[in-house]
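Visitor: I'm new to this structure, and I'd like a close look at just one part of it. Could you take me to the largest cavity and tell me what surrounds it?

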Amino acid sequence: MKYEQYNDILDSFLSRWEQEDIETMTLQEYVGVDNKDTFCQWVETKTRVLGSIKGFNSIKFGIYERKNLSKKPKYYVNGDRYTWLKRYDAADEKAVFRKVHSDILKIVNASKSGRFEAIDDIGLPNLFKWKVAFLFSNERLAPIFNQTVLFTIANHFGMATNRRTKISEIQRLLISKKPAAKSVYHFMLELYNRFGNNNSLDYDEGKTQPKVRQPKKLRKRRPGKSRNTETQTRSGSGSHIAQQKHNKIQEALRMQLEETYGNECVLLEENFVDVKLVQPDYLGFYEVKSASYASDCVKQALGQVLLYTHNDEDIRPKKIYVVGQYPATDMDTEYINYIKKCLNIDFEYLSVAIDD
């Protein structure tokens with residue numbers, strides 16, 4: 001899958017479960033039999049491609065509604081309709097859910113602010129709570145939730161682990177090892193291909209251990225020819241709303257370059273480069289940003305596009321372009337010239353007008 005496809009799934013989750021939705025969530029909205037729109041259904045099933053927690057009974061949610069009301073698991077506490085973990089010591093399901101709900105809010109708020117260490121001691125099971133944490137982390141966690149696999153990967157990277165090792169410590173390590181050119185999803189797949197093959201999923205409260213579904217090997221990203229310019233809304237980490245202005249600028253740039261150089265010379269999203277222009281005597285790398293000022297576009301784009309040119313093995317000279325919507329002001333031009341002089345970097349800023 002392309003990064004955008006992963007991102008679209010995350011956008012759908014964050015649009016459905018905004019902060020207000022979580023704060024006002026009821027037990028029936030949290031978990032329920034035959035309800036495909038509960039919070040737990042979204043975390044486990046609808047976002048499975050973002051990191052799977054499939055395979056264990058529903059006690060991983062802290063509390064769940066039983067399909068068979070007469071079947072009451074002996075390891076947990078059972079009410080008339082619901083079963084819950086013993087650690088949530090309360091008289092009935094409503095009181096239990098108040099505690100579970102409080103834990104969910106703590107995880108969400110800690111994840112949004114990057115306080116991942118605060119999640120370690122929260123009462124919900126690791127498998128579920130770290131999936132929730134990832135979904136609200138602005139992709140600042142690795143989407144791997146299998147404790148056995150996490151410990152194996154940590155050992156590979158030189159971390160000595162034992163039963164006191166915190167998941168947040170391992171997550172910090174993994175993110176520090178993530179290559180700059182890979183998304184967290186492609187990094188996850190690479191790690192699972194290497195370390196997850198012989199591990200079954202584990203759960204500290206469960207009794208069954210089904211096998212891990214094996215992901216396909218990561219293939220090299222191929223260039224495309226068009227972009228979706230429909231407006232999208234993303235809510236979540238930072239409660240920000242992101243319109244697809246970037247895609248509109250990218251699409252307008254593509255059409256301009258194709259009109260000048262021909263379709264066959266313009267590549268879209270080849271190895272994450274927004275637009276690449278192929279010429280006999282040089283390559284043009286265009287990095288698109290949607291910031292309101294040229295100077296902000298340059299600050300956001302320059303390190304990224306330099307990484308792309310560094311990773312490209314073609315021996316032809318490379319020209320760098322930062323592309324934004326608005327022309328550079330005098331202050332922007334001063335800043336751009338200062339950057340070029342101080343860092344001895346040759347690049348150009350281009351503005352591409354679009355319809356908002």
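Guide: Sure, let's start with the walls. Asn126, Trp130, Ile144, Phe145, Gln147, Leu150 and Ile167 line the largest cavity. Two elements each give two or more residues to that lining, namely α6 (126-135) and α7 (147-156). By character, the lining residues split into five nonpolar and two polar, with no charged ones. Keep in mind that you're looking at a predicted model. As for volume, the largest cavity comes to about 30 Å³, and a search of the whole structure turns up one cavity of 30 Å³ or more.

Now stay with α6 (126-135) for a moment, and look at Phe128. Phe128 is among the residues with the most contacts inside the largest nonpolar core, along with Tyr30, Phe39 and Ile104. That core has 68 residues. If you leave aside neighbours within four places in sequence, Phe128 is in contact with Tyr30, Phe39, Cys40, Val43, Ile53, Lys60, Phe61 and Ile104. There's also a second, separate core of 18 residues, which includes Ala291, Ala294, Val305 and Ile339.

One last stop is the sheet. Three strands make up an open sheet, ordered β1-β3-β2, with antiparallel pairing. β1 (63-65) and β2 (77-78) sit at the edges with a single partner strand each, so each has one side without a neighbour in the sheet. β2 is joined by two bridges to β3 (residues 82-84), and in one of the pairings Val77 has Trp84 in β3 as its bridge partner.

How values were computed
Residues numbered from 1 in each chain as written. Predicted model: local features only at pLDDT ≥ 70, side-chain atom pairs only at ≥ 80, totals over all residues. Heavy atoms only, no water. Core = buried A, V, L, I, M, F, W, Y, C linked by side-chain atoms within 4.5 Å. Buried < 20%, exposed > 50% of the residue type's maximum accessible area, 1.4 Å probe, protein only. Contact = heavy atoms within 4.5 Å. 1 Å grid on protein atoms, 1.4 Å probe; cavity = no way out; pocket = protein on both sides within 12 Å on 5 of 7 lines; lining within 4 Å. Points joined across faces, edges and corners; volume = space filled by probe spheres on them. Helix = DSSP H or I, 4+ residues; strand = E, 2+ residues; numbered from the N terminus. Nonpolar A, V, L, I, M, F, W, Y, C, P; charged D, E, K, R; others polar. Pairing = 2+ DSSP bridges.
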